[in-house]
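Work through the exercises below with the model open. Try each task before reading its solution.

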Amino acid sequence: MSALILALPAADPAPVTHADSPTRLVIAAILGIAAIVALIVWRKMHPFLALTLGSAVLAVVAGIPLADTFTAFTTGLGSTIGSVGTLIAFGAIIGRLLIDSGGADQIVDTILARMPGSRLPWAMALIAFVVGIPLFFEVGIVLLIPVVMIVARRARQPLILVGVPALAGLSALHGLVPPHPGPLIAIEAVNANLGMTLGLGLLVAVPTVVISGPIAARIMARWVPIEAPDPLGGSDEAHEGPRPSFTASIAVVLLPVVLMLLRTLVETLVPEGATGLAVQAALFIGQPLVALLITVLAAMYLFGTRLGLGADDVSGRVGASLGPIAGILLIVGAGGGFKQTLVDSGIADIIAAWIQQAAVPALLAGWLVAVAVRLATGSATVATITAAGIMGQVAADMPPIEVALLVLAIGAGSVFLSHVNDAGFWLVKEYFGMTVGQTFKTWSLMETLLSVTAMAVIGVIALVLGVL
């Protein structure tokens, strides 16, 4: 799983903390976030510029020297574009080839032929849940968004009704179930049993996805009744001419899933230090970057060359896929830059320390610490690392089942209320073509509901097992 962890935006530079003035840091974070919201909502400024200026406000108010105002921002922007941005670009290529070849049409037609409209939200939640088990969140989004949008348009259903269940499935897996990086980090930090955590994570994730996905989506669709925009710049018209089979289309979608899952199985089952060729090959091709690159090449063949397209036509489709995501990449990168400014200022550590001193049950404390860091930094991974590190000493005296539940509580808190400092907020906003307000009413609310529901389920399990 080291490759998956490396694929995340780094938070490496040593934090420039100001422990002597925690109040100043809290004010700086509030003013920075307020500046971003005000510039976007009231001044109608592009989110990339608003995030850049908001980072500057945060840095200046926090007392960072003027010469270093944008140091953390540029570091975070660069690491985000270099990791998540590359995955988004590969996913965009796969998505465009899937659409232009008619592969997405084939998947949608097959789903619609066997699933009545009333059950589509449940079908999308199930697909996202299964596909999302080994996938990094952003990878799952860029692979499923084209299918989500075409399903919504063909079935004449609101985008939110179909999209929110898919997002809920992906997000729940991202925060609760190994082999996702966050849960694995927490498992190692608090010395939890991986198998026990995996089993309990799936148990918690199922009702969580049901409530925050298909059920909640029906209400959200009334609040934000938008239609699906053209996915990745493609057309929603039915594809004419030869198109790939359902088997080939779904195989391309699942190929990176299989490759990354293979890597996870090898890392789990094969003794550490094994040097066999097959083991090394599985570890290599299962890296997110490599798995998606292989999938891009497979898509170029199955959705292009095999259908009779020339090299120039395939290259043209690949090039056409990158233009529409340029703005998304800059916004996501700026979100990573703002997050890094928050981390390097020391605000996350200060908030977590305050909550650690409160007299609350261990599971609730872990959730609250993760929530606080998530709100401050926008990063689920940073929230998980910080909360797991803080709760490590407490977990040493817990029974194994409670330690596993603590990992899940931290994971649940790490996805709470995605807002303007989270790259995922801007990714969903741009892909779904929503305003900032609409994104808060759907994506942010769904994340909050998911976090609270998961914690409630964890609490019930803890009561039943007698560890709370």
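**Exercise 1: one residue in a helix**

A123 is found in helix α6, residues 120-131. The model is predicted; local features need pLDDT of at least 70, side-chain atom pairs pLDDT 80 or more, while totals for chains, interfaces and linings use all residues. Numbering starts from 1 along each chain as its sequence is written, and side-chain values use heavy atoms, without hydrogens and water.

Task: decide whether A123 counts as buried or exposed.

Solution. Take the cut-offs: buried is under 20% relative accessible area, exposed over 50%, partly exposed in between (1.4 Å probe, protein chains only). A123 has 10% relative accessibility, so it counts as buried. Next, check a distance: the C-alpha atoms of A123 and I111 are separated by 8.5 Å, and the two residues lie 12 residues apart along the chain.

**Exercise 2: a helix pair**

Task: classify the packing angle of α8 and α21.

Solution. Locate helix α8 (residues 159-176) and helix α21 (residues 436-465). Their axes are 10 Å apart, at an angle of about 45°. Under 35 degrees counts as roughly parallel, over 145 as roughly antiparallel, 65 to 115 as roughly perpendicular, and the rest as oblique. The pair is therefore oblique. Now list contacts (heavy atoms within 4.5 Å). In α8, the residues include L167 and A168; in α21, W443 and M446 are among them. The contact residues divide into 10 nonpolar, 2 polar and 1 charged.

**Exercise 3: a second pair**

Task: find how the axes of α17 and α18 cross.

Solution. Helix α17 spans residues 362-377 and helix α18 residues 380-395. Their axes come within 8 Å and cross at roughly 145°.

Technical notes. Axes fitted to C-alpha atoms, helices over the stretch in contact; angles between N-to-C directions. Helix = DSSP H or I, 4+ residues; strand = E, 2+ residues; numbered from the N terminus. Nonpolar A, V, L, I, M, F, W, Y, C, P; charged D, E, K, R; others polar.
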